[in-house]
Amino acid sequence: MPGSNPYELYYSDANETQKANPDLQPEKIDAYELALEHYWKNYRFSLSGHYYSIRDLVSLWTDPADGLLVFKNLKEVKSKGAEFEVEGKWSGGIEGRISYAWQKSTDEDTGGKLPNSPEHIGKIEARAVIGPRLAAGLELQYTSSCKSPQGRRVDDFFVANLTLLSRELWKNLELSGTLYNLFDEDYGAPASDEHLQDVISQDDSERSGQTDLQVLGGAFEF
């Protein structure tokens with residue numbers, strides 16, 4: 001039975017945009033989960049399912065009486081879903097994984113789907129050693145459409161990420177970096193009620209044709 005945190009209970013900016021709600025109730029969750037896993041030769045198979053009944057879910061919304069943001073308790077939210085995954089490992093340092101997840105979350109008070117809650121997510125991952133000190137990984141991910149908190153449709157999208165990992169580069173130095181959104185997909189993510197925009201673009205038009213490079217980390221040993 002998770003309780004509300006101090007920010008949800010007491011935060012207010014002098015009622016400029018958001019007000020406090022010290023009367024928030026703790027969330028109550030009934031959770032049922034089932035997972036099956038099987039190994040065969042160099043493969044691993046897994047199948048899982050869940051059903052959640054969440055009462056008094058804490059959610060940020062705009063109070064129509066005064067237009068201020070405030071955290072409130074939804075009456076009841078139900079979520080059900082399933083996930084399937086296959087993973088394989090082969091000689092030469094090659095690994096792969098395919099997964100698919102389906103879920104549906106609804107507000108029992110209104111009968112509508114929860115915002116920022118896509119029903120389908122699929123992922124393909126492949127990793128391989130491509131040199132004495134270099135490995136590469138490619139991730140392809142599909143996310144189905146969902147809706148924003150204001151009810152706007154957020155389109156589905158497909159993104160690809162490429163990761164390179166170097167080991168023993170120099171005196172126990174390890175370095176990895178990832179190119180995110182390899183094919184420069186133009187997509188958006190639902191914003192919350194705290195944002196002015198309804199959907200936040202994940203692609204800057206001024207940087208069209210470019211991808212993001214992020215160095216994930218390095219390690220030194222002396």
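Among contacts in the protein chain between residues at least 6 apart in sequence, what percentage join residues at least 24 apart? In this predicted model, the share is 49%.

**Overall make-up**

The protein chain has one helix and 13 strands. Read from the N terminus, the order of elements is α-β-β-β-β-β-β-β-β-β-β-β-β-β, with the helix ahead of the strands. The chain holds 222 residues, and 30% of them count as buried. Its exposed area comes to about 14300 Å², and carbon and sulfur atoms supply 55% of that area.

**Strands E4, E5 and E6**

Strand E5 (residues 120–131) pairs with strand E4 (residues 94–107) in an antiparallel arrangement through eight bridges. Within this pairing, Gly-96 has Ala-126 of E5 as its bridge partner. E5 also runs antiparallel to strand E6 (residues 134–143), and ten bridges join E5 and E6. Here Lys-123 stands opposite Gln-141 of E6. E5 and E6 make up a hairpin, with two residues between the strands. In a regular strand, side chains alternate between the two faces of the sheet.

**Pockets**

Rolling a probe the size of a water molecule over the atoms shows where empty space is left. The two pockets with the largest volumes are set out below.

| Pocket | Volume | Lining by class |
|---|---|---|
| Largest pocket | about 560 Å³ | ten nonpolar, seven polar, seven charged residues |
| Second largest pocket | about 370 Å³ | ten nonpolar, six polar, six charged residues |

The largest pocket has a volume of about 560 Å³. It is lined by 24 residues, and those closest to its centre are Ser-59, Leu-60, Leu-74, Pro-115 and Pro-149. Strand E2 (43–62) and strand E3 (69–90) are the elements that give two or more residues to this lining. E2 provides the largest share, five residues.

Which residues lie nearest the centre of the second largest pocket? They are Arg-127, Ala-135, Ala-136, Gly-137 and Leu-165, out of 22 lining residues. The elements giving two or more residues to the lining of this second largest pocket are E5, E6, strand E9 (157–166) and strand E10 (174–180). The hairpin strands E5 and E6 are thus among the elements that line the second largest pocket.

Conventions. Residues are numbered from 1 along each chain as its sequence is written. This is a predicted model: local features need pLDDT of at least 70, side-chain atom pairs count only at pLDDT 80 or more; totals for chains, interfaces and linings use all residues. Side-chain values use heavy atoms; hydrogens and water are left out. Two strands pair if DSSP finds at least two bridges between them. Helices (H or I, at least four residues) and strands (E, at least two) are DSSP runs, numbered from the N terminus. Buried means under 20% relative accessible area, exposed over 50%, partly exposed in between (1.4 Å probe, protein chains only). Contact means heavy atoms within 4.5 Å. Accessible areas come from the Shrake-Rupley method with a 1.4 Å probe; for residues, only the protein chains shown count as cover. On a 1 Å grid over the protein atoms alone, a cavity is a set of points where a 1.4 Å probe fits but cannot get out, and a pocket is an open set with protein on both sides within 12 Å along at least five of seven lines; lining residues have an atom within 4 Å of a point. Grid points are joined across faces, edges and corners, and a volume is the space filled by probe spheres set on the points. Ala, Val, Leu, Ile, Met, Phe, Trp, Tyr, Cys and Pro count as nonpolar, Asp, Glu, Lys and Arg as charged, and the others, Gly among them, as polar.
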